[in-house]
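Hi there,

Here is the structure I promised to send over. Have a look first, and then read on for what turned up in it.

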Amino acid sequence: MNSLQSQSSPKSDVSDKQTLLAVLQFLKKNNLKCTEELLKKEAGVTDDDVKPQSAGQSESDVANALAAYKSSDDPTRYTDYYTDLKTFIESCLDVHKVELYLILYPVFVHMYLELVYNQHERHAMEFFHKFSGEQEYYYQDDLRQLSSVTKREHMRGNQLMDNFKASRFIIKMSRDSYNHLKRYLQENQMKPLLTIIQEHLFIDVFDGVPRNKQQITATGGGLLGEAERDANKAKVFYGLLKEPDINIPVDDDDEAPEGEDKPKKKKAKKDPLLMRKSKNDPHAPQSNRIPLPELKDQDKLEKINSFREAIKRVRIGPDQMPTVCFYSITNAHQGVTTVNVCEDSSLMSAGFADSTIRVFTLTPSKLRGMKSGDDLEIIDKDSDDVLERMMDDRSSSEVKSLVGHSGPVYATDISHDKKFLISSSEDGSVRLWSLQTWSNLVCYKGHQYPVWDAKFSPHGHYFVSCGHDRTARLWSTDHYQPLRIYAGHLSDVDCVEFHPNSNYIVTGSSDRVVRMWDNQSGNCVRTFTGHKGPIHKMCFSPDGRFIATGGVDKTILLWDIASGNMLAQLKGHTQAVYSLMFSREGSVLSSGGLDSCVKIWDVNRVLQEYDTDSDATIPSSLQVNDNANLLLGSFPTKQTSVLCVHFTRKNLLLASGPVAI
């Protein structure tokens, strides 16, 4: 930590004590006696200090928290302080100027809040209107929200205000630039600026040359600045899980025809992906790191089918573009909100604004339901094909509807075994549906507000949800309460995704930050900053090493999970990105969005040009690939937004969305 922040102020000591007492009061209220006693003993707190919190005390705590902005400084001097700081930065050498510009936005916000809190409303408005337009474009939405805070009473309950008060704005800065700033503040005795930097900013100082404008812009944009360097140092097991060997016999049509010499012995084949999973990958987690369901016979058969399809897979790249098959949803007067295709590409589900879900078959096989109870009674339960006999061909159709939510459905996902579907809705619930009986099995209630996304684990049993309450929750299908609650985002958690090995999840938020969480410990192990708008879609590469993210800022970012570094910026979309998927071997990335266009990106080229020898601990040594030639091709539709892109096992690209009405 730098010396400007090393001196603890009385305000921060008071804040720490209030936080400790609040935790103890929570433990006492929920009758968690053992935990409460241990914490009191370790912190040296007596029983008299911990009293039940009344409504009046709660109001007092809010007032005490806001009191950090109490100041007796002359309000007419704030404009001069800020102008002098700008003048100093502009007079610095260009190599330091771009880094020092980073402190202007957080200083501007906190100076404005100080003026508002101390009831200098006229000076606050003048200050805001004079300097707000000079801030970066990606902060303008936040500033529009902040502009509604014009009186001290408005500061209570304002989400942006709460975020700035509860957390420090993080800035990465080279030691040379930092020393310039420190010398200026100390020589000019600018007390208001010193107070703001000490209490509300965290300057992460690194040794090395200062960053250039491109490097700063690439990782900037987060609601509260960038990620700390220490945030991405935890060990992440990004490798694929080791799986048992599955011997796969040669198909009959692969054998030599009659009259020719037949092979002496039918040999077993292995999928290269399965072979990679069966090796001892040092980056893979132990198979028992988190409890996972055992492979059933049906799962093994599905893996065999997957291998047989993978044999016929087309390897795509610059010289071999994929074929695209587009499913347009027409006459969608109810409003399509989400589209999803299952792993084997046989089913497609769609959620609608009228609270219904529809499941479509993408193969000649129709969707069947269970027979009635009377018909099931007469079935021979000992027969080998009992499951087949339970299905009713008379009620089969190409589409099935699921009704149960009381608000728009924002996400659907089909399990890998195609037995279940989960959905999330504005009504705050996540529902589990059976795709055999076509009925609702469980309604999971934990989120207090709309649930924006829900995803199944690749290994089944677990699923994860996220929503407006700024949390993500890990569930298992056999528990009605969440197993983990992931809290840390400062705004809505808009999307969520499981890692291929099921040991991690990633969340994307309206705070413009992507976080990666460990399902075993519940800790955040990676923090990615760089988006300039809310994040609406993420996907992992097939080998689990890389992640692509996209959203409202129309840019796709590619990240290396091992180091936490950004590898590339893929620019080409003209509207928000809502769908992403890597090809099955990971050589290309497909994307789609509201600009009614499917785009293909060259991932192999990014990896070939990536400098693996760069030091991840020195921000100025990192280079982000933003080459326009990374775009391999575009496939525009007439007027259909692309809500889903999906590569089949043979690398046929499926896409879908609603036709504009």
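How many aromatic pairs does a search of the whole structure find? The search comes up with 22 of them. Before I go further, keep in mind that this is a predicted model.

One of those pairs is Y82 with F127, in an edge-to-face arrangement, with 5.6 Å from centre to centre and 80 degrees between the planes. This pair links distant parts of the chain, since Y82 belongs to helix α4 and F127 to helix α7, 45 residues apart. Y82 and F127 are both buried. Another edge-to-face pair is Y444 with F463, where the centres are 5.0 Å apart and the planes make an angle of 65 degrees. Y444 is in strand β13 (residues 439–445) and F463 is in strand β15 (residues 462–467), so this pair ties together parts 19 residues apart in sequence. Buried means under 20% relative accessible area, so Y444 counts as buried at 1%, and F463 does too at 0%.

Back to Y82 and F127 for a moment: together with F108, Y112, F128 and F131 they form one aromatic cluster.

Two rings also have a charge over them. R358 lies over the face of F352, at 4.7 Å from the ring centre. With Y138, the charged end of K532 sits over the ring, 5.5 Å from its centre.

Helix α4

Since Y82 sits in α4, that helix deserves a few words. α4 covers residues 78–91, which is 14 residues; at 1.5 Å a residue it should span 20 Å, and its end C-alpha atoms are indeed 20 Å apart. Which residues of α4 are buried? They are Y78, Y81, Y82, L85, K86, F88 and I89. Looking down the axis of α4, these buried residues fall within an arc of 160 degrees, so they line one face of the helix. You may want to note that a lysine, K86, is on that buried list. The cover over the buried residues of α4 includes α5 (94–100), α6 (104–117), α7 (121–131), α10 (175–188) and α11 (191–200).

The cores

In soluble globular proteins, nonpolar side chains tend to be buried together. Here the largest nonpolar core has 51 residues, and L85, M111 and L181 are the ones that touch the most other members. The element giving the most to this core is α6, with 11 residues. Leaving out its neighbours within four places in sequence, M111 is in contact with Y78, Y81, Y82, F127, L193 and I196. There is another core, apart from that one, with 19 residues, among them M516, W559, I561 and M566.

Helix α14

What span should α14 have? With 15 residues (297–311) at 1.5 Å a residue, the expected span is 21 Å; the end C-alpha atoms of α14 are 22 Å apart, which agrees. The buried residues in α14 are I304, S306, F307 and A310. These cover an arc of only 160 degrees around the axis, which puts them on the same side of α14.

A few single residues

T527 is in strand β21 (residues 524–529). Is T527 buried or exposed? At 11% relative accessibility, T527 counts as buried. Not counting residues up to four places away in sequence, T527 touches A227, A231, N232, V513, V514 and R515.

Y610 is in the loop between α17 (603–609) and β29 (631–636). Its C-alpha is 9.0 Å from that of A568, although Y610 and A568 are 42 residues apart in sequence. Beyond its neighbours within four places in sequence, Y610 is in contact with D560, S563, N565 and L567.

Two residues other than glycine have a positive phi. For Q119, phi is near 65 degrees; Q119 is in the loop between α6 and α7, and it is partly exposed, with a relative accessible area of 47%. For K418, phi is near 60 degrees; K418 is in the loop between β10 (409–414) and β11 (420–425), and it is partly exposed at 29%.

The whole chain

The chain has 17 helices and 31 strands. Of its 661 residues, 49% count as buried. Among contacts with a separation of 6 or more, 60% are between residues 24 or more positions apart.

Cheers

Note on methods: Residues numbered from 1 in each chain as written. Predicted model: local features only at pLDDT ≥ 70, side-chain atom pairs only at ≥ 80, totals over all residues. Heavy atoms only, no water. Helix = DSSP H or I, 4+ residues; strand = E, 2+ residues; numbered from the N terminus. Expected span 1.5 Å × (residues − 1). Buried < 20%, exposed > 50% of the residue type's maximum accessible area, 1.4 Å probe, protein only. Arc of directions from axis to C-beta. Contact = heavy atoms within 4.5 Å. Phe/Tyr/Trp six-rings, centres within 6.5 Å; stacked < 30°, edge-to-face > 60°. Lys NZ or Arg CZ within 6 Å of the ring centre and 35° of its normal. Core = buried A, V, L, I, M, F, W, Y, C linked by side-chain atoms within 4.5 Å.
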